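Work through the exercises below with the sequence and the structure open. Try each task before reading its solution.

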Amino acid sequence: GVLFLALGKKGLHHAGRQQWWQAENLFTEAYSCWHQMKWIEHFRYDQAVAFGEEIIALMRDICLSWGNLLLSHGQFDEALAICTHTEHLLTMDEDCVALRYRLYLLNKAPIKARELLGSYRRELIQLGYEKDEAEEMISDLVRENDEKSFSD
């Protein structure tokens, strides 16, 4: 976990400076560490929980940074592969859901995009959102994607 954090933070630093080659190398190493971790069930105590949350937050940032970079270069399959590494942990992250939704549409997989929105809707309702609120959030996500498509 510590190595993942160090590599991920360094990769995001390079990404922020538009040094994409260095960022991608570090992200690749961080992803390797991600897969080797014995997951979050082991993070039970307060300090360990905070450490686990820091790891997940960093993975979210890597997913969005690297995914959007690949998206901007037309590498939709690669971007989607990056996003699927975190889909079980970031099911409720609106930005990650929006990126995956857009990538499914760009990959000409509208059924997967619709299934993603259905899962997101169920998660929202399960978290206590009213059905109307969940529908409005889904509509906003779809509308924002449509606006991005028109601006591209």
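**Exercise 1.** List the buried residues of α6.

Solution. Buried residues have under 20% relative accessible area, exposed ones over 50%, and partly exposed ones lie in between (1.4 Å probe, protein chains only). In α6 the buried residues are A113, L116, L117, G118, Y120 and L124. Take L116 as an example: its relative accessible area is 7%, so L116 is buried. This is a predicted model, in which local features need pLDDT of at least 70 and side-chain atom pairs count only at pLDDT 80 or more, while totals for chains, interfaces and linings use all residues. Residues are numbered from 1 along each chain as its sequence is written, and side-chain values use heavy atoms, with hydrogens and water left out.

**Exercise 2.** Check the end-to-end span of helix α6 against the span expected at 1.5 Å a residue.

Solution. Helices (H or I, at least four residues) and strands (E, at least two) are DSSP runs, numbered from the N terminus. The expected span of a helix is 1.5 Å times one less than its number of residues. Helix α6 covers residues 110–126, which is 17 residues, so the expected span is 24 Å. The end C-alpha atoms of α6 are 24 Å apart, in agreement. Just after α6, G128 has a positive phi of about 105 degrees.

**Exercise 3.** Repeat the check for helix α1 and name its buried residues.

Solution. Helix α1 has 15 residues (residues 2–16), so a span of 21 Å is expected. Its end C-alpha atoms are 21 Å apart, which agrees. The buried residues of α1 are F4, L5, L7, G8, G11, H14 and A15. Just after α1, Q18 takes a positive phi, here about 65 degrees.

**Exercise 4.** Which residue forms a salt bridge with R60?

Solution. A salt bridge is a side-chain nitrogen of Lys or Arg within 4 Å of a carboxyl oxygen of Asp or Glu. The structure holds six of them. The partner of R60 is D93, with the closest N and O atoms 2.5 Å apart. This pair links distant parts of the chain: R60 is in helix α3 (residues 46–72), D93 is in the loop between α4 (76–84) and α5 (94–106), and they are 33 residues apart. D93 has a relative accessible area of 16%, so D93 is buried. A network of salt bridges links R60, D61, D93 and D95.

**Exercise 5.** Where do the partners of the salt bridge between R121 and E135 lie along the chain?

Solution. The side chains of E135 and R121 meet in a salt bridge at 2.5 Å, N to O. The pair links distant parts of the chain, with E135 in helix α7 and R121 in helix α6, 14 residues apart. E135 has a relative accessible area of 30% and is partly exposed. R121, at 24%, is partly exposed.

**Exercise 6.** How many helical turns separate R143 and D140?

Solution. R143 and D140 are three residues apart in helix α7, so about one helical turn separates them. Their side chains meet in a salt bridge (2.4 Å, N to O). R143 is partly exposed at 43% relative accessibility, and D140 is partly exposed at 25%.
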